[in-house]
Amino acid sequence: MPDHQALLTGLVGDRAAGWDVSGELPRDLLVRLGAEGLLCAEVEAGYGGLGLGSRGNGELTAHVGSLCSSLRSVMTSQGMAAWTVLRIGGTAQRETYLKELTSGKLAAVGFSERQAGSDLSAIRTRVRIEGDTAVVDGHKVWTTAAAYADHLVVFGLQEDGSGAVVVVPSDTAGLRVERVPNPSGCRAAGHAHLYFDGVRVPADAVLAGSGASLPMLVAVSLAYGRTSVAWGCLGILRACTAAATAHAKSREQFGQPLAGHQLVAGHLADLWTAEQIAARVCEHASDLWDEGSPEAVTATVLAKHVAAERAAAGAALAAQILASAGAIEGHVVERAYRDAKLMEIIEGSSEMSRMMLARHALALPA
């Protein structure tokens, strides 16, 4: 793991700020990381992956999140696509797609639609089978990494109302990929809207587990996404803590370092506490996944909710400590302030997370 982290640190270097300002990640970097299995590190070695557990992959994700949230977002999308294929795909599909995803091919996962954000029951994308062909009609919005993707893993409904997951190559006729202009956070993550107009792919591109209820299929994919986002938020907090403490030790006001002023020291204490809390909930959730515990799903919702809220609050504290020094476009704290807010919305908003956690609490024995 340390070697992987060192490689990523070297490849990112000081370029994250430039990527954020330009809104673009280098494709050759993404292809290289994909080919080395780093974008979906939980994929087994037999499929060309690193075979990491949830905890090991989480630490890798947090490290990437501390360097560049846009790159971490692409990593989350690739990992979520691989997880979906692993859990919902058949043997031949896993053999084909997972090996491609660890050989340099990039992927994105399409859930949301204009009327289907938190309410995924409102999904209207249709997948119908015509002989040996699957036909896809509909649209998706804010699909992370879609601007870079070779494959789009698309969730929709079949004619009988059951769910379907289909893998669509991004160069398929009838598919239009429209990049989201100037997003407020994770600017270089390749967010795009997708439009499917009679898109035809082989029927065996429909994952074998399709036919189950759409909410169940979506839940499978989101389980990975929420875990990854939670660890990414821990990375944001680590970057903010490092930047804030360094500034507070070196910047002097009223004859002493900022860290010597009690109110500033209090902010630093709160920021470090937020980082530690996020770390513990992430570790707990991943350990449960690695143990195969039935409590892993709820722990994942908790981790995502806690880590995202702590990241947003922690980034605000870091911005307060650095003041104008951190108010420069592309600065690590300025990026964190924008990126962290999105984390409270994606993969289940804070409000949806609280509702799920409340239902869990109400179901506990008295």
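**Cavities and pockets**

Student: Where does the second largest cavity lie?
Tutor: Between domain 1 (1-106) and domain 3 (214-363), because both give residues to its lining. The domain bounds come from an automatic or database domain assignment.

Student: What kind of model is this?
Tutor: This is a predicted model: local features need pLDDT of at least 70, side-chain atom pairs count only at pLDDT 80 or more, and totals for chains, interfaces and linings use all residues. Residues are numbered from 1 along each chain as its sequence is written, and side-chain values use heavy atoms, with hydrogens and water left out.

Student: OK. What lines that second largest cavity?
Tutor: Gly65, Ser66, Leu67, Cys68, Ser69, Ile236, Ala239, Val332, Arg335, Ala336 and Asp339. On a 1 Å grid over the protein atoms alone, a cavity is a set of points where a 1.4 Å probe fits but cannot get out, and lining residues have an atom within 4 Å of a point.

Student: Which helix gives the largest share there?
Tutor: H10, with four residues. H4, H7 and H10 each supply at least two. Helices are DSSP runs (H or I, at least four residues), and strands (E) have at least two.

Student: How many cavities of 30 Å³ or more are there?
Tutor: Four. The largest cavity holds about 100 Å³, and the second largest about 60 Å³. A volume is the space filled by probe spheres set on the grid points, joined across faces, edges and corners.

Student: And where is the largest cavity?
Tutor: Domain 1 and domain 3 both give residues to its lining, so the largest cavity lies between them. Its lining includes Glu42, Trp83, Tyr224, Trp231 and Trp289. H7 gives the most, with five residues.

Student: Switching to pockets. How much space is in the largest one?
Tutor: About 1,100 Å³. A pocket is an open set of points with protein on both sides within 12 Å along at least five of seven lines.

Student: Which residues lie nearest its centre?
Tutor: Phe111, Leu120, Leu222, Glu347 and Gly348, out of 44 lining residues. Elements giving two or more residues to this lining include strands E1 (107-110) and E3 (133-143), and helices H9 (296-322) and H11 (350-363). H7 gives the most, nine residues.

Student: What about the second largest pocket? Which residues line its centre most nearly?
Tutor: Its volume is about 230 Å³. Of 15 lining residues, Glu42, Val43, Trp83, Leu86 and Arg87 lie nearest the centre. H5 and helix H8 (262-291) each give two or more. H5 gives the most, five. Domain 1 and domain 3 each supply at least three residues of this pocket's lining.
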